[in-house]
Amino acid sequence: MTKASVAKKLKQYEVRGFRFANAGDPDNYDRHLVFDHAVSPENASQRERFEAVSSTLRDLLTQRWLLTRETHDRENPKRVYYLSLEFLIGRTLVNNIINLGVEEFVRSDLQSDPRQDWKEVLESEPDAGLGNGGLGRLAACFIDSLATLQIPAMGYGLRYEYGIFRQTIENGWQVEHPDPWLSRPDPWEVVRPAEAVRVPIACSFRLENGVLRAVPGRASHLLGVPYDRPVVGFGGQTINTLRLWGAASPDVFSFGEFSSGDFVGAIADRVIAETVTRVLYPSDSTIAGQTLRFVQEYFLVCCSLADIVARFRRANNDWRLLPDKAAIQLNDTHPAIAVPELMRILLDEAHLGWDDAWDLTVQTLAYTNHTLLPEALEKWSLRVFEQICPRLLEIIYEINRRFLDGVRRRGGDTERVRCMSLIEEEPKRQVRMAHLAIVGSHSTNGVARIHSDLVRTSLVADFAEMFPERFNNKTNGVTPRRWLLIANPDLARLITEVIGDAWVTDLGQLRRLQPLADDGGFRQRFLQALLAAKERFAAWLKATTGQIVEPTSIFDCQIKRIHEYKRQLLNALHIVVLYNRLRANPGLSLPPRTFFFAGKAAPAYRLAKLIIKFINNVAAVIDADPVVRGRIKVLFLPNYNVSLAERLIPASDVSEQISTAGFEASGTGNMKFMMNGALTVGTRDGATIEMAEEAGEENFFLFGLTAEQVAGSRGWYNPWWHYENEPETRQALDLIFGDHFSRAEPGIFTPLREMLLEHGDYYMHLADLTSYAQAQQRVSDLFGNPDAWARKAILNVAASGKFSSDRTIAEYATQIWNAEPCPIP
């Protein structure tokens, strides 16, 4: 980048001819380093350098951030509000540098100082502990695309002090630790205490023997303090806001209690309040944990709707214009309490009649369903509603009464009324939050075509019959800026060299790579780019963990939340099959393969944690066996997060998308792997079906039962048949349950045996194992022909354009939100 182009780039961030703090001046970095930290440059740590770089970048983008907000306030466009309990945004510095287009300027300035290590500066930023899995990562991609498409939008979430947890592996087991990602100041956030929101609670809480107890009949309230983070669209034209709410107490200190000697009681209210945003997804295995999760969801919704309504009213909008000025998207059922809360605002504060309030609520809200698992469709007891927000329960009762009257008028019998009611009566009285979200919104969308079809025909078929116009599909997507341009620089450069850089904001341009799959020279350059990513990952892994992997082996990756339906256990069973084959025939022709696993199990999910233990035990036994050492290697990479994914996905040859068909809503990791040239071994589930359609099934390794076959076999499926009739299945299970992988811990994997054989193998591991092994054999055969492998990989990249979050957001904007871009001058 020339000095003239740098000057031009910096010029666009000026506002009304005034440059705040001369943000583009390299001296500004030195000022932040010295004066923010009171440290001389030669003694500054890399973390202090990271904060100085980030603060300098924030100075630069703040001008555009302010102008974005001023423009939206002046133009009063329809705004999109995205409510999500998770935003898995990862690291922010590099993303903002790339989206602002100042990478060369920043890198050259930092690298000109020999005291600075550019890579160490970047590594000093922790991943933001604001999410866990695909739900949160999707939300992060969506707010990136909203800003890139210049759609006026805000994301709303919670500012978790300790994230979900930091995972370590000890003796093969997952161990959870706090994730103190906010232990140092976060240079990207701006706290706005003047815009704090009061959240009423119908009870109060007290600490009793270290346990949080509700005290009924004594109303209290929390304060929601907003922390704003800039969301920079690619090109830096629009900078939207992610507003995260931190919980606080209005009475941070009781001087009277302190003076009387109750030093803990003096700050008890503060401790209790801050508990609300301490951790993402507190364990719901106890009543206290369940109550805390409910309060988190209620807190998010109350704060966010109060903020939305205040902004709407500041523009002097009439209440009747609410659906024309605000589109509120509920990301899963966590924010579904927005239905009664918006009704409460319209009834109690705007003093509208019920019918008008209901019409405005339905037209303003939209709901995205993310799961087909019945246990993941939230239900909250009436007791917790009565304790925390009884007024909202009154409104839910009235919504339900009117809704069920409509069901009866349409000829609904007693059974249909029972099934569709917002209130579940047995085994205990609960509010069905998914039903509430569907009834109280004008749109319910799934996130892949098969998922949306199953939502309509199976999960909530009665609702789809009653409101057919409300149900639609929006297949997920991921941002190509983070997941290709930033994560895979070698491949991104190669693509730009041959087709230009328009693909960064128009991923459909990748189709132009399709003819190059038959170009031998391009295939070689493509393989070189993939090998560079593998070597880069191997070097990082060795430097950070001491683990050594061979970059020329097949990098086979399954990285996602640990759950039975995602079937990490199926992958591990196949590894045992390979292990048995090599032990029986050491001369077997098999390309070396490195299996990578990563992902967290919910702390209370014992079987998922046992699967992690099993994978690690298998890895240890294989490493210690000279017969197979160097032929297959298994690694479980702890503490999976966005930064790890950004390193591993570009280095992957094989993407494992092997969920039981009919259980995965969509997946987004599958899209990231495809975009980076990995070949998919997968079931016909989630978005993998559409990916295979785009690239051609001949360029995928599909296997296993379909969703229809899974559902149709429930009455007669017997896993023992596979044990008795498939020799490799029996040999693998006998080895496992004969304690070959647990000699020092005999019987430890008995629950896996019970799940697979005695309890019916609900997720069909054994039903699909032979088909899976056959697909993996095709992978091994193809890898022996690098030219043919490269051709399929290139065709996958070329076909990945549909799976950009820009496309997904454009569909939401036109088909659900009716929102348009608002360019910033």
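Which are the buried residues of helix H21 (residues 489-499)?

## Helix H21 and its surroundings

In this predicted model, the buried residues of helix H21 are Leu-491, Ala-492, Leu-494, Ile-495 and Ile-499. Because these residues cover an arc of only 160° around the axis, they lie on the same side of H21. An α-helix has 3.6 residues a turn, so residues three or four places apart point the same way. On the other side of H21, Arg-493 and Glu-497 are exposed.

The cover over the buried residues of H21 includes helix H20 (480-486), helix H22 (520-545), helix H26 (669-675) and helix H33 (786-798). Just after H21 comes Gly-500, which takes a positive phi of about 85°.

## A three-stranded sheet

Three strands, in the order E13-E15-E14, form an open sheet with antiparallel pairing. Strand E13 (379-381) and strand E14 (423-424) are the edge strands, each of which pairs on one side only. Between E13 and strand E15 (residues 430-432), the antiparallel pairing runs over three bridges, and Trp-380 stands opposite Val-431 in E15. Strands of a sheet pair through backbone hydrogen bonds, either parallel or antiparallel.

## Cysteines

The structure holds zero disulfides. Cys-141 is in no disulfide, and the nearest cysteine sulfur, which belongs to Cys-557, is 19 Å away, whereas a disulfide would need the two sulfur atoms within 2.5 Å.

With a relative accessibility of 1%, Cys-141 counts as buried, because buried means under 20%. Cys-419, at 29% relative accessibility, counts as partly exposed.

Key. Residues numbered from 1 in each chain as written. Predicted model: local features only at pLDDT ≥ 70, side-chain atom pairs only at ≥ 80, totals over all residues. Heavy atoms only, no water. Buried < 20%, exposed > 50% of the residue type's maximum accessible area, 1.4 Å probe, protein only. Pairing = 2+ DSSP bridges. Helix = DSSP H or I, 4+ residues; strand = E, 2+ residues; numbered from the N terminus. Arc of directions from axis to C-beta. Contact = heavy atoms within 4.5 Å.
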